[in-house]
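Work through the exercises below with the sequence and the model side by side, trying each task before reading its solution.

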Amino acid sequence: MTITIDLEKDPLYLQAKKEVAINLYKTTRWSIEKIAQIVKVSPQRVEQWLREEGLLKEDKIDNR
């Protein structure tokens, strides 16, 4: 019997992506779009994660 796991819904998988995105932002200050492309999530999700960590204060996506 084969077991199938949807990684996109796995909390541990998403937590790992979140940590990578946050660390990339802290160390490189790349744009949210670039980080999203590397981590393979939407820019909105990266922005949400950065806001949760208190790294973004602006209302718009940061284009550094």
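Helices here are DSSP runs of H or I with at least four residues, strands are runs of E with at least two, and both are numbered from the N terminus. The coordinates belong to a predicted model.

**Exercise 1. Describe the secondary structure of the chain and how much of the chain is buried.**

Solution. Begin by counting elements, which gives three helices and zero strands. Followed along the sequence, these elements give the pattern α-α-α. Turn next to burial, for which the cut-off is a relative accessible area under 20%; of the 64 residues in the chain, 30% are buried. The surface that the chain exposes amounts to about 4,800 Å², and 54% of that area is supplied by carbon and sulfur atoms. Finally, take the contacts with a sequence separation of 6 or more: 45% of them join residues that lie 24 or more positions apart.

**Exercise 2. Characterise the packing of α1 against α2 by its geometry and by its residues.**

Solution. First locate the two elements, helix α1 at residues 11–28 and helix α2 at residues 32–39, whose axes come within 10 Å and cross at roughly 145°. The handedness of this crossing is right-handed. Then list the residues that meet: α1 contributes K17, V20, A21, L24 and Y25, while α2 contributes I35, I38 and V39. Sorted by character, the residues of this contact comprise seven nonpolar, one charged and no polar.

**Exercise 3. Decide whether K18 is buried or exposed, and identify what its side chain contacts.**

Solution. K18 belongs to helix α1. Its relative accessible area is 14%, and because the limit for a buried residue is under 20%, K18 counts as buried. Once residues up to four places away in sequence are set aside, K18 touches W49, E52 and E53. With E52 there is also a polar contact between the two side chains, at 2.9 Å.

**Exercise 4. Compare the settings of the two residues R29 and K40, for which phi is positive.**

Solution. The background is that most residues other than glycine have a negative phi. R29 departs from this with phi near 60°, and K40 has a positive phi near 65°. Place each in the chain: R29 sits in the loop between α1 and α2, whereas K40 sits in the loop between α2 and α3. For accessibility, R29 has a relative accessible area of 39% and is partly exposed; K40 reaches 65%, and because exposed means over 50%, K40 is classed as exposed.

**Exercise 5. Examine V46 and E47 in α3: how is each one covered, and what lies across from it in space?**

Solution. Both V46 and E47 are located in helix α3, which spans residues 43–52. V46 is buried at 0% relative accessibility, and E47 is likewise buried, with a relative accessible area of 11%. Beyond its neighbours within four places in sequence, V46 is in contact with I32, I35, A36 and V41. The pair V46 and I35 is separated by 11 residues in sequence and by 7.5 Å in space, C-alpha to C-alpha. I35 is also among the α2 residues that meet α1. For E47, the C-alpha atom lies 10.0 Å from that of S31, across a sequence separation of 16 residues.

Notes: Residues numbered from 1 in each chain as written. Predicted model: local features only at pLDDT ≥ 70, side-chain atom pairs only at ≥ 80, totals over all residues. Heavy atoms only, no water. Axes fitted to C-alpha atoms, helices over the stretch in contact; angles between N-to-C directions. Left-handed = near helix turned anticlockwise from the far one by under 90°. Contact = heavy atoms within 4.5 Å. Nonpolar A, V, L, I, M, F, W, Y, C, P; charged D, E, K, R; others polar. Buried < 20%, exposed > 50% of the residue type's maximum accessible area, 1.4 Å probe, protein only. Polar contact = N/O pair within 3.5 Å; in protein donor to acceptor, adjacent residues only side chain to side chain. Areas by Shrake-Rupley, 256 points an atom, 1.4 Å probe, with all protein chains shown as cover.
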